[in-house]
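User: Please examine the model shown below and answer some questions about its strands and its chain contact.

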Amino acid sequence: MQFFSGSTSTESSLLPAAPPGTGAGGPGNNAHMLYIFNRAGVCLLYREWNRPLRTLDPQQDHKLMFGLLFSLRSFTAKIDPTTAEKGNLGVPLLPGQGCSFYSFKTNTYQLNFMETPSGIKLILITHSRTGDQREALKYIYNLYVEYVVKNPLYVPGTPIQCDLFTKNLDQYVRTLI
Amino acid sequence: MAAIYSLFIINKSGGLIYYKDYGSAGRMDTNDSLRLASLWHSMHAISQQLSPTTGCNGIDLLRADTFDLHCFQSLTGTKFFVICEPSAPYMELLLKVIYELYTDYVLKNPFYEMEMPIRCELFDLNLSQVVQKDRVALLAR
């Protein structure tokens, strides 16, 4: 499964062809929330822009989200109709193993998911009519690499507290449709 | 109607009551299909909890690399979901048609017990007519 075709240069590749419509829909964001988890299930970042309803406290919410994704990945790997040999249902999957989903839609929101080969999971929740957000997630991952991973003061596996990252993230998300 | 890989029908408690495979590689045995159906039922419920706004009815569409999953939940909690090719058109329509067949040939059958596995010949017959038409197109590639 192939990932980032050719984004080897740093600065210039940070700007993909941004989707048309530069957030002219007012000051509101079209994205609701963003979660970033690492391989062990630690929530590295939770960013909220528009969330009228909160059913659980933050810890439970993160665990529920991670659990849902973990099960959904097992589910899609097993129900995949194009491969004959599939593992058993309960076996934890490596990143990239088996068919993985990239998005699901409900009537009120759309969840876009991306898992990198290192096990970092990015989840972007937007309103229900947005298009395919895989490029947006790749861009956010690039931001993560540039501003978090390359930050010498950041300890991997701990929650992200890099101002530059959150600033650029907010700026980018405002341009999403 | 479009071609699908498989169809699952789940009752309101999450138990699988109907499973039909129309050509996926690697058949699933009964136990696996039961487990997957219950897993889907739970995830459908969890997704409602994670909604940022009120009024969420669960997952309608799941898109993966090699397939799409369309789900329809009736007002009584019975879920119908189909596994199909990515971006297959008219799946929502197909699910509504299957729901109509279900109400006609299963629910109106006086010998059918609610929430039990579906064993109605007429349902199978009509279902295969609705889906079969495009199966040739799927196999031909």
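The questions and answers below concern this predicted model.

User: Is strand β1 (residues 31-37) of chain A largely enclosed or not, and how many of its residues are buried?
Analyst: A residue is taken as buried when its relative accessible area is under 20%. Strand β1 of chain A is largely enclosed by the rest of the structure, because its buried residues number 7 of the 7.

User: Which residues stand opposite I36(A) in β5(A) and in β2(A)?
Analyst: β1(A) pairs in the antiparallel sense with β5 (residues 121-127) of chain A over 6 bridges, and with β2 (residues 43-48) of chain A, also antiparallel, over 5 bridges. In β5(A) the bridge partner of I36(A) is L122(A), and in β2(A) the residue opposite I36(A) is L45(A).

User: Which residue in the turn of the hairpin of β1(A) and β2(A) has a positive phi?
Analyst: The two strands of this hairpin have 5 residues between them. The residue with a positive phi, about 95°, is G41(A).

User: What area do chain A and chain B bury between them?
Analyst: The contact draws 38 residues from chain A and 36 residues from chain B. Carbon and sulfur atoms account for 68% of the buried area, which is about 3400 Å².

User: Which residues form the salt bridge between chain A and chain B?
Analyst: The count between these chains is 1 salt bridge. Its closest N and O atoms are 3.1 Å apart, and the residues are K78(A) and D32(B).

User: Which residue of β3(B) stands opposite T106(A)?
Analyst: β3(A) and strand β3 (residues 59-64) of chain B pair in the antiparallel sense over 5 bridges. Opposite T106(A) in β3(B) stands I59(B).

Technical notes. Residues numbered from 1 in each chain as written. Chains lettered and ligands numbered in written order. Predicted model: local features only at pLDDT ≥ 70, side-chain atom pairs only at ≥ 80, totals over all residues. Heavy atoms only, no water. Buried < 20%, exposed > 50% of the residue type's maximum accessible area, 1.4 Å probe, protein only. Helix = DSSP H or I, 4+ residues; strand = E, 2+ residues; numbered from the N terminus. Pairing = 2+ DSSP bridges. Contact = heavy atoms within 4.5 Å. Buried area = accessible area lost by both parts, 1.4 Å probe. Salt bridge = Lys/Arg side-chain N within 4 Å of Asp/Glu carboxyl O.
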